[in-house]
Amino acid sequence: MSPIELDPDQLSLADVVAVARHHAEVIIPEESLQRVAQYRASVEQLAEAQRPVYGVSTGFGALAQRHIPHALRAQLQKSLIRSHAAGMGEPVESEVVRAMMLLRARTLATGRTGVRAEVLTTYVEILNAGLIPVVYEYGSLGCSGDLAPLAACALVLMGEGEVLDAEGRPAPAGEALAAAGITPVELAEKEGLALTNGTDGMLGMLLLALADLENLLTTADLSAAMSVEALHGTDQVFLPELFEPLRPHPGQTLSASNMLTSLRDSPIVASHKDSDHLVQDAYSLRCAPQVNGAARDALEYAHQVSSRELRAAIDNPVVLESGLVSSNGNFHGAPLAHALDFLAIVAADVASIAERRTDRMMDVSRSQGLPPFLADDAGVDSGLMIAHYTQAAMVSEAKRLATPASVDSIPSSAMQEDHVSMGWGAARKLRRTLKNLTAVLGVELYSAARAIELRSEGGSPVTSALVDKLRSRVPGPGPDRYLSPELAQAAELIREGAVVAAAGSVADLGHTIDPYTAEWS
């Protein structure tokens, strides 16, 4: 994989995914180092001034009134990082930590944080060495930056704390840095704040979610089309003249196109075109593009938010072009928190409508001739009855997780930080929601594939390709057997992008974000 250049103005979603998930190397261009040195000179001048400057020669937060003499400033930086590395709970995923570190390095490379070049280069060395600071689940309120998570990373920069080494083994940070030939940094004025006062954890999880959701929403179009086919639904409600001319939401137009493409040349659909068995399909079939498409439009809004944040220099105080250091509130995570909550809501809705389609396949009174619960010998066999229960349980949890985190706020820091975004919490629950959505779509895919195979006519080229891809991992219809591993395989096919790839091998599908490069189209 090609190295990723740390140009603050050019870093993309695809770059973040490459570094976070595929361990692409990060290189720092010389012009970035020159810019960092230029802004650092302003900080060092202010450090010598008689007038106190917040973050340079004062305490922090509610303790900002104290002027800190030169002799104590190195200790001040150490104390800040040690005290702020106060997270608790389970360690977060390595990809989240890597995304967070890359994004913090990007902001450092703007120069606006006022750090020395050696802080940036050492931070990137740790990232490139594959050392993962242990960051705990709780400790960020999504305001004043992702404080405890970023402090855990800064602690490693100092040679303290814990890491997972390149082989994933836990190790003391000092020992791991020494083994990698990396010298810890003695932090100077302003650098402790510069390493912790960012929205990078929230942004990293938002960017990873955007990449995941594109894959999942395209998969939802495909699994919905499979269910329409399996349930003898019509493809006529997905015709283009019903969308762009009448209701021009771009997301639903794209989803309807994907579904129509997926059902093209389907013998099953053709077999009942002249039937009057239904005047109209149920909403979960007929309105799938409207629901999936609305989620796509939410995805575009979230991309707009994330792309702006990817060009931001989040720190407090921040170094201005004039050389002055100015306090500000740009660390407040509200823009990200709102987008993260929005995505959790729409992901839960996509999961909910998928479950409704699966439920119809289980019910002999609504499944248009399919056996009860798609069982081999109903009564002796229970078929997919409990697979649907499992799906319903995950949908229920997704709905609970859709409750916004950003509407909550708990004042902190002796009422100095009296309104916070809870954006980190919004990001954490979104990750759980997307994991559930993947599994929910896996159950629909598994059920619809079995239902299509139980029809004698055969599926469309797209749905047949999807059934074949699933059958490369799990067997087809038959007597009851242990289902958990097979459902897990269906979900894994979705997670790794194999379902979208299989459909794409026989038809052209529309995407908002390219599911393979993670670039916005």
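Which helix does I345 lie in? I345 belongs to helix α14, which covers residues 334-362. The close-ups below start there and then move to other parts of this predicted model.

**View 1. A nonpolar patch on the surface is built from Y301, F342 and I345.** Together these three side chains offer about 240 Å² of accessible area. I345 is partly exposed, with a relative accessible area of 39%. F342 comes in at 35% and Y301 at 31%, so both of these residues count as partly exposed too.

**View 2. Y301 and F342 make up the 1 aromatic pair that a search of the whole structure finds.** A pair of aromatic rings is described by the distance of the centres and the angle of the planes. Here the ring centres are 5.8 Å apart and the planes meet at 50°, so the pair is tilted. Y301 sits in helix α13 (residues 288-309) and F342 in helix α14, so the pair ties together parts that are 41 residues apart in sequence.

**View 3. Helix α4 spans residues 94-109 and is mostly covered.** The helix has 16 residues and reaches 22 Å from its first C-alpha to its last, close to the 22 Å expected at 1.5 Å a residue. Of its 16 residues, 15 are buried. Look just after α4 for G111, which takes a positive phi of about 85°.

**View 4. E160 and R82 join in a salt bridge.** Side chains of opposite charge can pair when their charged atoms come close. In this bridge the closest N and O atoms are 2.7 Å apart. E160 lies in the loop between α6 (147-157) and β6 (162-164), while R82 lies in helix α3 (residues 70-84), so the contact ties together parts that are 78 residues apart in sequence. Both partners are partly exposed, E160 with a relative accessible area of 24% and R82 with 39%.

**View 5. Two further salt bridges link E118 with R116 and E355 with R356.** The closest N and O atoms of E118 and R116 are 3.2 Å apart. In this pair the glutamate E118 is partly exposed at 40% relative accessibility, whereas the arginine R116 is buried at 17%. For E355 and R356, the N to O distance is 2.7 Å. Here the glutamate E355 is buried at 8% relative accessibility, and the arginine R356 is partly exposed at 38%.

**View 6. A network of salt bridges links seven charged residues: R21, E93, E95, E137, D212, R428 and R431.** If you would like to trace the arginines, they are R21, R428 and R431. The acidic members are E93, E95, E137 and D212. Across the structure there are 32 salt bridges.

**View 7. C153 has no cysteine partner within bonding distance.** Why does C153 form no bond with C143? The two sulfurs are 19 Å apart, too far for a bond, and C143 holds the cysteine sulfur closest to that of C153. A search of the whole structure finds 0 disulfides. C153 is buried, with a relative accessible area of 1%. Another cysteine, C287, counts as partly exposed at 24% relative accessibility.

Terms used:
Residues are numbered from 1 along each chain as its sequence is written. This is a predicted model: local features need pLDDT of at least 70, side-chain atom pairs count only at pLDDT 80 or more; totals for chains, interfaces and linings use all residues. Side-chain values use heavy atoms; hydrogens and water are left out. Helices (H or I, at least four residues) and strands (E, at least two) are DSSP runs, numbered from the N terminus. The expected span of a helix is 1.5 Å times one less than its number of residues. Buried means under 20% relative accessible area, exposed over 50%, partly exposed in between (1.4 Å probe, protein chains only). A disulfide is a pair of cysteine sulfur atoms within 2.5 Å. Patches are made of residues with over 30% relative accessible area and no salt bridge: like charges are joined within 9 Å, nonpolar side chains (Val, Leu, Ile, Met, Phe, Trp, Tyr) within 5 Å. Accessible areas come from the Shrake-Rupley method with a 1.4 Å probe; for residues, only the protein chains shown count as cover. A salt bridge is a side-chain nitrogen of Lys or Arg within 4 Å of a carboxyl oxygen of Asp or Glu. Rings of Phe, Tyr and Trp (its six-membered ring) pair if their centres lie within 6.5 Å; planes under 30 degrees apart count as stacked, over 60 as edge-to-face and the rest as tilted.
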